[in-house]
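User: I'd like to learn how to read a protein model, feature by feature. Could you walk me through this one?

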Amino acid sequence: MKAGNLLKKNFLSIVLSSSIYIVCFLGGSFVQHFITLPEGALAKVPALYHQEISALGYIRHNLLVTLPLYLSFLLFGLIAIFILASNGFFLGAVVTSSLGEIGFAKVFLCLAPHGIFELPATILAGAAGFKSLEALIRHLRGGDFINKGDIKEFFKLTFASIALIIIAGFVEAN
């Protein structure tokens, strides 16, 4: 499977997934300027305070987070919208708050493993969840509904996402 083909064939789903995440990340960053996190709230974010978690622990956690995104395929992406929006919003708020507490360098170093593999895995999982919405829109425009190609692309996105999650688990644990 070529990455270029995967991106090209699923462009709309990937753009929708990315857009929701990015817009909500920016929203969380903006709102953070008007609210204050309770004292010690960032202590609960393991990556910021170097709690030891195994690679399998990260993989299990990330698969549990992305599972509803994959299953969102059954509900035309509705679950994916909520999960991508809430994750983006939360990350935006935490990053903005952390910048003031621990500085850019530490925030960057803590989030780099997430940004390299885990974030694209989440975006691809969201895109997989949106494949049925893409098919529904095509159907409403007079095309066919969910076909073999849609199912094939759903599984390609899902497996690519899972592969990135596995890589991310080992990177984050080390």
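**Reading the model**

Analyst: Let's start with one residue: Leu71 is found in helix α3. Helices (H or I, at least four residues) and strands (E, at least two) are DSSP runs, numbered from the N terminus. Bear in mind that this is a predicted model, where local features need pLDDT of at least 70 and side-chain atom pairs count only at pLDDT 80 or more, while totals for chains, interfaces and linings use all residues. Residues are numbered from 1 along each chain as its sequence is written, and side-chain values use heavy atoms, with hydrogens and water left out.

User: How many helices and strands are there in the protein?

Analyst: Five helices and zero strands, so from the N terminus the order reads α-α-α-α-α.

User: Is Leu71 buried or exposed?

Analyst: Neither label fits: buried means under 20% relative accessible area, exposed over 50%, and partly exposed in between (1.4 Å probe, protein chains only). Leu71 has a relative accessible area of 43%, so it's partly exposed. Of the 174 residues of the protein, 37% count as buried.

User: Which residues form a nonpolar patch on the surface?

Analyst: Patches are made of residues with over 30% relative accessible area and no salt bridge; like charges are joined within 9 Å, and nonpolar side chains (Val, Leu, Ile, Met, Phe, Trp, Tyr) within 5 Å. A salt bridge is a side-chain nitrogen of Lys or Arg within 4 Å of a carboxyl oxygen of Asp or Glu. Here the nonpolar patch consists of Leu67, Leu71, Leu74, Leu75, Leu78 and Ile81, with about 570 Å² of accessible area together (Shrake-Rupley method, 1.4 Å probe; for residues, only the protein chains shown count as cover). Two or more patch residues come from each of α3 (55–71) and α4 (78–140).

User: And what about the largest nonpolar core: which residues touch the most other members?

Analyst: In soluble globular proteins, nonpolar side chains tend to be buried together. A nonpolar core is a set of buried Ala, Val, Leu, Ile, Met, Phe, Trp, Tyr and Cys residues joined through side-chain atoms within 4.5 Å. The largest one has 25 residues, and Ile14, Leu69, Tyr70, Leu84, Leu124 and Leu157 touch the most other members. At least two residues each come from α2 (11–32), α3, α4 and α5 (148–173), and α4 gives the most, with 11 residues.

User: What does Tyr21 touch?

Analyst: Contact means heavy atoms within 4.5 Å. Tyr21 sits in helix α2 and is buried, at 9% relative accessibility. Leaving out residues up to four places away in sequence, Tyr21 touches Leu84, Asn87, Gly88, Leu91, Leu119, Thr122 and Ile123.

User: Now charges. Which side chains meet Arg138 in a salt bridge?

Analyst: Side chains of opposite charge can pair when their charged atoms come close. Arg138 pairs with Asp144 (3.0 Å, N to O) and with Asp150 (2.4 Å, N to O). Arg138 lies in helix α4 and Asp150 in helix α5, so that second pair ties together parts 12 residues apart in sequence. Asp150 is buried, with a relative accessible area of 5%, whereas Asp144 is partly exposed at 41%.

User: And what is the nearest side chain of opposite charge to Glu172?

Analyst: That's Arg60, 13 Å away, and Glu172 is buried yet has no salt bridge (Lys and Arg count as positive, Asp and Glu as negative; His and the chain ends are not counted). Glu172 lies in helix α5.
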